[in-house]
Each structure stands twice: as C-alpha cells, then as structure tokens.
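Please walk me through this protein model, step by step. I am new to reading structures.

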Amino acid sequence: MPELPEVETVVRDLRPLLTGRTVTAVRRGKRTLRRPWAAAADALVVGATVAGLRRRGKWILVDLAGGQALRVHLGMTGQFTVAPASDPDPDHLHFAFRLDDAGELRFRDPRRFGSVEFCPSAADAAAALDAVMGPEPFGLDPAAFRAAVAGTGRNLKATLLDQAVVAGVGNIYADEACFRARLHPARTGKSLTAAECDRLRVAIEAVLARAIEGRGSTIRDYVGGSGLRGAFQHEHAVYGRTGEPCPGCAAAVECVRLAGRSSHYCPRCQPETPSRLAATRSPRSGARHVGAARSAPRTPRRG
Ligand SMILES: [Zn+2]
C-alpha cells in the first residue's frame, strides 16, 4: 500500500508534467471508487488549469487555478500517472483527464480502495485533511512527538500507524523506523524513555527521506507519476523479510501481528524489554543486552 514516500514520488513526478496544463476532456469508468465523483464535476474540471500539486500525509491535492482541487488517494493499488494520450487504456482505468498537450492524466486502481474527488474549494479540502491529521514527519517538534508517543499505552506499531500522531507512515515504514531506532514494535509508547522517543523520531525522518530518494517501495502495483516502479523495497531491512538475516546482526527477522498488521523486527537488535529495565535484570540477561547494543543495526546504503 502506498505510504508517504510513494505518494511524495507521485507528486514530484507529476508536478512538472501537470502544472500549467489545462484539462480538455474527462472520461470516467463505470465502476465506483471508495469515494464518489459528482457527475456535475465533469463540466467544472474541463477547462481548468492545474496550478500545482501538494501532498498531505498519503493524500494528493491537485490545485486548480480557479481555487478548486482534485483530492486523490491511492488506496491499496492506485496508480496516478501521466501517459501519452495515444497509449491504449490500461485495465482498471477509472479516470482519464485529457490535457492540452499530448498527455493524459490517468487513475488506475485494480482494488478500488483509492479515490479521486472534485473539491469546490482547495482551501476547504486542505483544512479537512489538517483537521484529522497530525504533523508531517519532516521537522517534527521533539517535545510534541515525545508527548504524543509517551502519552499512550498503545504499542509503537499502532502509534505510528495513527495518522493523528504523524502523517504518512504506514505498515512498511513503521517497521523500518522501529528497526532503525532499535525499538521493538510491541513496546508501548509510555515505556519509552525520552531518548528512545527522540531516536524513533529521527529514525522515522531518516527512513522516509531515504525511501523518497529510492522513489518509494514497489511491493505490487505501486508506480510513480511517470509510471516507473520504486526501488526502496530492495533496501528494506526487516519489512517482508521474515526468516531472513537481519542486516545488522544476522539474526533471523521475526514477524508478529500488531494492530492487525504483520510487523517485522529483529529479536536481537530490537529487544522487547525496555533497556532501562534490562539494566536491573540478571547478569546473564544483562550480558545479552550488551551484545544486542554492540550489534546495533546498520542500514544498508547504496553508492
Ligand atoms: Zn539484528
């Protein structure tokens, strides 16, 4: 399922292809998506010029010059791309916005959990997203993040999936951020020390930034706005790697179900017992903790 890095890649790809372009025709598929498109919106979109694109969490806003917007969510399998209008229609095509150059903006979605909506007011659409969503993960306020995480008895996986805590993180990057922060995803927010909260915040930012550089992760259907697949899936340390060696210590990656989602972690690099409690444990388990700290995970880097 596309998360922040994938959606950001789509926006960055589409921005130069769409900005300044005018929609000249709209074609729509017969099947409905998760959110409805008002038929009357067809006439409002034709003739509209794209003023810009922005991302909020996992949502895309295509701003139109008249102050309206298209609000788009990729759901599980949505693809939002610009293709030559002369290209044959792909299967599962739900929207095609013909542009005033040779291109066509297309929304394809086999599973139909995604949506494309016409919003009469871009400002209202953005405000509605802001009302239900927490801060973007880049430049998070350390004290506010600590308060949001430490104030909950939920586990870290559930906390990171909560878009009100931090916007844009989903299953893949929650697992990768916990690994990078050396925190077990089943730990509760309130069990974290301030230093651990800070480590998690920094890890979230680093993992997402690196994933954007890699153009996101293509597990199944995801492609960027120009139709190219992502490459960050090759750098996943733990996500989807159950039984494979941890890149930090070579222990087998394990998987547990948390917040209803498969959650991947290294049992050695991400001990479930908080480190501040480990200090008071028996010498034998204390030694195990020291061993875990020595083999802190390294995130593989590409040249
Ligand atoms: Zn490990």
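The paragraphs below go from the whole chain to its domains, its sheets and the helices on them.

This is a predicted model, in which local features need pLDDT of at least 70, side-chain atom pairs count only at pLDDT 80 or more, and totals for chains, interfaces and linings use all residues. Residues are numbered from 1 along each chain as its sequence is written. The term pLDDT means the predictor's confidence in each residue, from 0 to 100. The protein chain averages a pLDDT of 91, and 90% of the residues score at least 70. One stretch needs care. Over residues 276-303 pLDDT stays under 50. The model has 35 contacts beyond four places in sequence for these residues. A contact means that the C-beta atoms of two residues, placed from the backbone, lie within 7 Å.

Now the overall build. The protein chain has 9 helices and 10 strands. Helices (H or I, at least four residues) and strands (E, at least two) are DSSP runs, numbered from the N terminus. The radius of gyration is 21 Å, close to the 19 Å that the globule rule gives for 303 residues, so the protein chain is as compact as a globular protein of that length. That radius is taken over C-alpha atoms, and the globule rule is 2.2 Å times the number of residues to the power 0.38. Along the principal axes, the C-alpha atoms fill a box of roughly 75 × 35 × 35 Å.

Next come the domains. Domain 1 covers 4-132 and domain 2 covers 142-294. These bounds come from an automatic or database domain assignment. Over C-alpha atoms, the two centres are 32 Å apart. Where they touch, 20 residues of domain 1 are in contact with 22 residues of domain 2. On the domain 1 side, α1 (4-18) and β5 (79-84) are the elements that give two or more residues. The largest share, 9 residues, comes from α1.

Turn to the sheets. Strands of a sheet pair through backbone hydrogen bonds, either parallel or antiparallel. Here, two strands count as paired if DSSP finds at least two bridges between them. One open sheet has 4 strands in the order β2-β3-β4-β8, with antiparallel pairing. Its edge strands are β2 and β8 (115-119), each pairing on one side only. The twist averages 20° from one strand to the next.

Look along this sheet. Strands β2 (residues 50-56) and β3 (residues 59-64) are joined by 6 bridges. Arginine 55 has isoleucine 60 in β3 as its bridge partner. The two strands form a hairpin with 2 residues between them, and glycine 57 in the turn has a positive phi of about 60°. Further on, β4 (residues 69-73) pairs with β8 over 5 bridges. There, arginine 71 is matched with glutamate 117 in β8.

A second open sheet of 4 strands has the order β1-β6-β7-β5, again antiparallel. Its edges are β1 (23-28) and β5. Between β1 and β6 (residues 93-99) there are 5 bridges. Arginine 27 has alanine 96 in β6 as its bridge partner.

Which strands of this sheet does α1 touch? They are β5 and β7 (103-108), and the direction of α1 makes about 35° with that of β5. Such angles run from 0 to 180 degrees between N-to-C directions, with axes fitted to C-alpha atoms, for helices over the stretch in contact. Helix α1 also lies across β2 and β3, at about 175° to β2. Helix α3 (residues 122-132) lies across β2, β3, β4 and β8, running at about 165° to β3.
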